[in-house]
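Trainee: Got a minute to walk through this one with me? I'd like to hop around a bit and ask as I go.
Mentor: Sure, put it up.

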Number of protein chains: 2
Amino acid sequence: MTTPSRLALVPFVSVDDMMRLVHRIGIERFLTDLVAEIEADFRRWPQFDKTPRVASHSEIGVIELMPTSDGQTYGFKYVNGHPGNMKKGLQTVTAFGLLADVATGYPVLLSEMTILTALRTAATSAMAGKWLAPKGARVMAMIGNGAQAEFQALAFKAVCGITEVRLYDIDPAATAKCVANLAGSGLTVTPCRTAEEAIMGAQVVTTCTADKQYATILTDNMIGEGVHINAVGGDCPGKTELAPGILTRSAVFVEYPPQTRVEGEIQQMPEDFPVTELWQVIAGQTGGRTDARQITLFDSVGFAVEDFSALRYVHGKLSETGLCQMLDMIADPDDPRDLFGMLMRAAPARAA
Amino acid sequence: MTTPSRLALVPFVSVDDMMRLVHRIGIERFLTDLVAEIEADFRRWPQFDKTPRVASHSEIGVIELMPTSDGQTYGFKYVNGHPGNMKKGLQTVTAFGLLADVATGYPVLLSEMTILTALRTAATSAMAGKWLAPKGARVMAMIGNGAQAEFQALAFKAVCGITEVRLYDIDPAATAKCVANLAGSGLTVTPCRTAEEAIMGAQVVTTCTADKQYATILTDNMIGEGVHINAVGGDCPGKTELAPGILTRSAVFVEYPPQTRVEGEIQQMPEDFPVTELWQVIAGQTGGRTDARQITLFDSVGFAVEDFSALRYVHGKLSETGLCQMLDMIADPDDPRDLFGMLMRAAPARAA
């Protein structure tokens with residue numbers, strides 16, 4: 001029997017471990033911590049090795065790899081997007097991720113990221129809201145009440161001071177689920193019968209629907225001045241949520257333009273459509289919202305740096321919480337050139 | 001406590017499981033099976049979604065993601081290459097990989113691939129040798145006796161009928177390790193003091209050294225007519241093993257030109273340097289070796305399809321062998337839109 005050495009073992013955070021971690025820390029604290037981690041990484045954005053995610057599209061969905069590195073640590077996420085999964089009783093989005101040491105290439109963390117992606121997506125939205133939403137925003141409309149909705153609501157509560165969410169989904173059952181889940185959250189939760197009704201009185205409008213097709217969740221006349229739009233659902237080629245007229249009236253903020261121009265709401269616009277990179281706002285290189293009447297729009301598609309921040313946060317909690325198991329994932333012979341010898345010496349134990 | 005559903009659990013093949021699997025099947029049989037799997041996939045090459053691997057380079061190494069898909073199954077490998085690792089007592093190359101169902105995006109296999117990569121690299125080399133080496137080849141020179149060497153030797157024995165290997169490495173300890181490991185393999189093993197000596201009488205010359213720099217392991221005058229060169233070590237930008245003169249005298253076969261032109265021996269040559277894609281030989285679309293005096297060269301860099309074939313082979317053995325553990329990797333709530341509810345309902349158990 002070969003006993004794996006320390007380096008051969010990679011800490012793995014299972015779905016169960018992740019749920020325990022969230023409850024140990026508290027979900028609103030977890031979201032607030034994530035915002036701080038992501039902000040810290042957005043401030044040092046130029047240090048990251050950035051590339052648009054590598055997508056493998058099929059007719060019914062996409063599987064993506066999202067790598068990045070800060071020169072010390074490398075991270076990537078595997079994530080799928082299959083809008084039709086829901087009808088099969090499956091998650092639209094599932095994910096896992098990994099951190100590795102750039103100096104050696106050895107993995108240092110493997111983690112579930114279905115839950116973590118939901119948290120980091122909401123944290124990123126709330127971070128953008130913190131920098132872009134009008135002052136004193138208290139009411140958020142949420143169009144699309146699926147798997148991401150409650151995370152968005154709690155993140156905007158914890159980070160932006162939202163006190164009321166107004167919910168609309170084409171499927172009333174999704175809204176009912178969301179209402180039930182947010183009971184006791186401290187938020188005033190108002191289910192609405194139309195998107196127009198949900199938007200009434202809202203300073204922040206979050207769109208998060210899942211159809212993989214050009215859709216118009218928000219029409220031009222639904223958006224009045226001063227609103228911050230948090231457009232989460234338009235996140236792959238052929239999938240948008242907003243009427244083009246809204247984009248031309250808005251100051252548009254994005255994560256990583258080479259990716260967003262292909263995947264985001266702005267895929268509807270010319271290639272030179274002006275956008276501001278969110279990291280530049282956070283790093284103080286440019287302003288965010290210029291006045292109370294401006295429409296700001298965060299055209300969110302999700303970028304690898306956000307996953308990196310989230311994975312690093314989880315990694316930093318492991319020694320304190322012990323919420324992981326060790327996986328025998330890396331072959332690590334005593335003599336590194338003797339991989340074959342390690343394999344052969346394992347034989348007698350196998351036969352025994 | 002939440003009990004993960006069937007789909008939430010992903011079979012994981014650990015290093016120990018992989019070693020057991022290799023011994024259960026037998027290493028030469030495993031290599032021969034892999035050749036059959038890789039050949040089958042090379043024959044249907046146009047069906048694969050192909051992309052050069054996504055590399056994150058640092059000064060001391062590289063971390064790569066290698067995805068592909070045949071439309072039914074998606075696969076990717078994480079692999080690093082750190083030549084300096086050896087001196088730290090670490091593997092130069094470590095890897096793991098994943099298969100997923102294209103229809104849902106759900107992972108179906110996570111596997112160690114440090115050992116599996118060593119096996120598939122050797123299998124791919126032997127597959128190329130089977131199609132390109134001169135008839136009746138019995139002697140192989142091996143320049144570079146590191147972690148890949150014994151796998152190459154056994155693969156050429158099992159697949160190409162090689163009976164003698166002649167070993168050379170700048171470090172005699174590497175050669176001694178290789179000699180010891182191949183004792184009892186049935187191969188005649190001859191350690192040599194120089195590369196020139198190793199090449200004497202060899203019909204196949206395998207180069208597999210690890211320095212990340214332009215090196216000249218083989219000079220032009222070392223290679224006579226009729227030889228098949230299996231160039232394994234030149235596999236990333238700035239890393240080559242052969243003198244350019246050898247390339248101009250050879251018929252050069254590659255896996256995937258857009259990747260090989262950046263990473264392989266032919267990175268030394270003009271962009272239009274003629275190459276033949278190996279899959280076309282195997283699919284019968286073009287000939288391989290044209291005559292006994294031709295020098296054939298397999299400029300191997302490793303391609304995602306080979307990893308896909310290897311992972312599928314391992315996946316196919318799981319139900320028969322049970323050599324895996326189930327990982328709680330995918331969050332899978334009863335109502336797919338209710339990820340938040342799943343997380344929240346887990347809370348009481350966490351507190352208990």
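Trainee: Let's start with F308(A): buried or exposed?
Mentor: Buried, with a relative accessible area of 1%. Keep in mind that this is a predicted model.

Trainee: Fine. How many aromatic pairs does the structure hold over all chains?
Mentor: There are 25 over all chains. One of them is F48(A) with F308(A), an edge-to-face pair at 5.1 Å centre to centre and 85° between the planes.

Trainee: Where do F48(A) and F308(A) lie?
Mentor: F48(A) lies in the loop between α2 and β2 of chain A, and F308(A) is in helix α10, residues 304-321 of that chain, so the pair ties together parts that are 260 residues apart in sequence.

Trainee: And F48(A), buried or exposed?
Mentor: Buried, with a relative accessible area of 4%.

Trainee: Which residues form the aromatic cluster?
Mentor: From chain A you get Y74(A), F76(A), Y78(A) and F96(A), and from chain B Y74(B), F76(B), Y78(B) and F96(B), in one cluster.

Trainee: Speaking of F96(A), what does M113(A) touch?
Mentor: F96(A) is on the list, along with K77(A), A95(A), G97(A), D307(A) and L311(A), leaving out residues up to four places away in sequence. M113(A) sits in the loop between β6 and α3 of chain A.

Trainee: Why does M113(A) count as buried?
Mentor: Because its relative accessibility is 0%, and the cut-off for buried is under 20%.

Trainee: How far apart are the C-alpha atoms of M113(A) and S300(A)?
Mentor: They are separated by 18 Å, with those positions 187 residues apart along the chain.

Trainee: Back up to β6(A). How many of its residues are buried?
Mentor: Five of the six, so β6(A) is largely enclosed by the rest of the structure.

Trainee: Which strands pair with β6(A), then?
Mentor: β1(A), residues 9-13, runs parallel to β6(A) and is joined to it by two bridges. β5(A), residues 95-101, pairs with β6(A) in the antiparallel sense over five bridges. Look at S111(A) in β6(A): V13(A) stands opposite that residue, and so does G97(A).

Trainee: What about the hairpin of β5(A) and β6(A)?
Mentor: It has five residues between the strands, and G105(A) takes a positive phi near 80°.

Trainee: Switching to chain B. Which way do the residues of β12(B) point?
Mentor: H228(B) and N230(B) point one way, I229(B) and A231(B) the other, and all are buried.

Trainee: What pairs with β12(B)?
Mentor: β10(B), residues 204-207, pairs with it in the parallel sense over four bridges, and H228(B) is the bridge partner of V204(B). β16(B), residues 295-299, also pairs with β12(B) in the parallel sense over four bridges; there, N230(B) stands opposite F298(B).

Trainee: Last topic, helices. How do α1(B) and α10(B) pack?
Mentor: At an angle of about 80°, with their axes 12 Å apart. The range for roughly perpendicular is 65 to 115 degrees, and α1(B) and α10(B) therefore count as such.

Trainee: Which residues make the contact?
Mentor: M18(B), L21(B), R24(B) and I25(B) come from α1(B), while Y313(B), V314(B), K317(B) and T321(B) come from α10(B). By class, that contact has five nonpolar, one polar and two charged residues.

Trainee: Great, thanks!

Definitions and conventions. Residues numbered from 1 in each chain as written. Chains lettered and ligands numbered in written order. Predicted model: local features only at pLDDT ≥ 70, side-chain atom pairs only at ≥ 80, totals over all residues. Heavy atoms only, no water. Buried < 20%, exposed > 50% of the residue type's maximum accessible area, 1.4 Å probe, protein only. Pairing = 2+ DSSP bridges. Contact = heavy atoms within 4.5 Å. Phe/Tyr/Trp six-rings, centres within 6.5 Å; stacked < 30°, edge-to-face > 60°. Axes fitted to C-alpha atoms, helices over the stretch in contact; angles between N-to-C directions. Parallel < 35°, antiparallel > 145°, perpendicular 65-115°, else oblique. Nonpolar A, V, L, I, M, F, W, Y, C, P; charged D, E, K, R; others polar.
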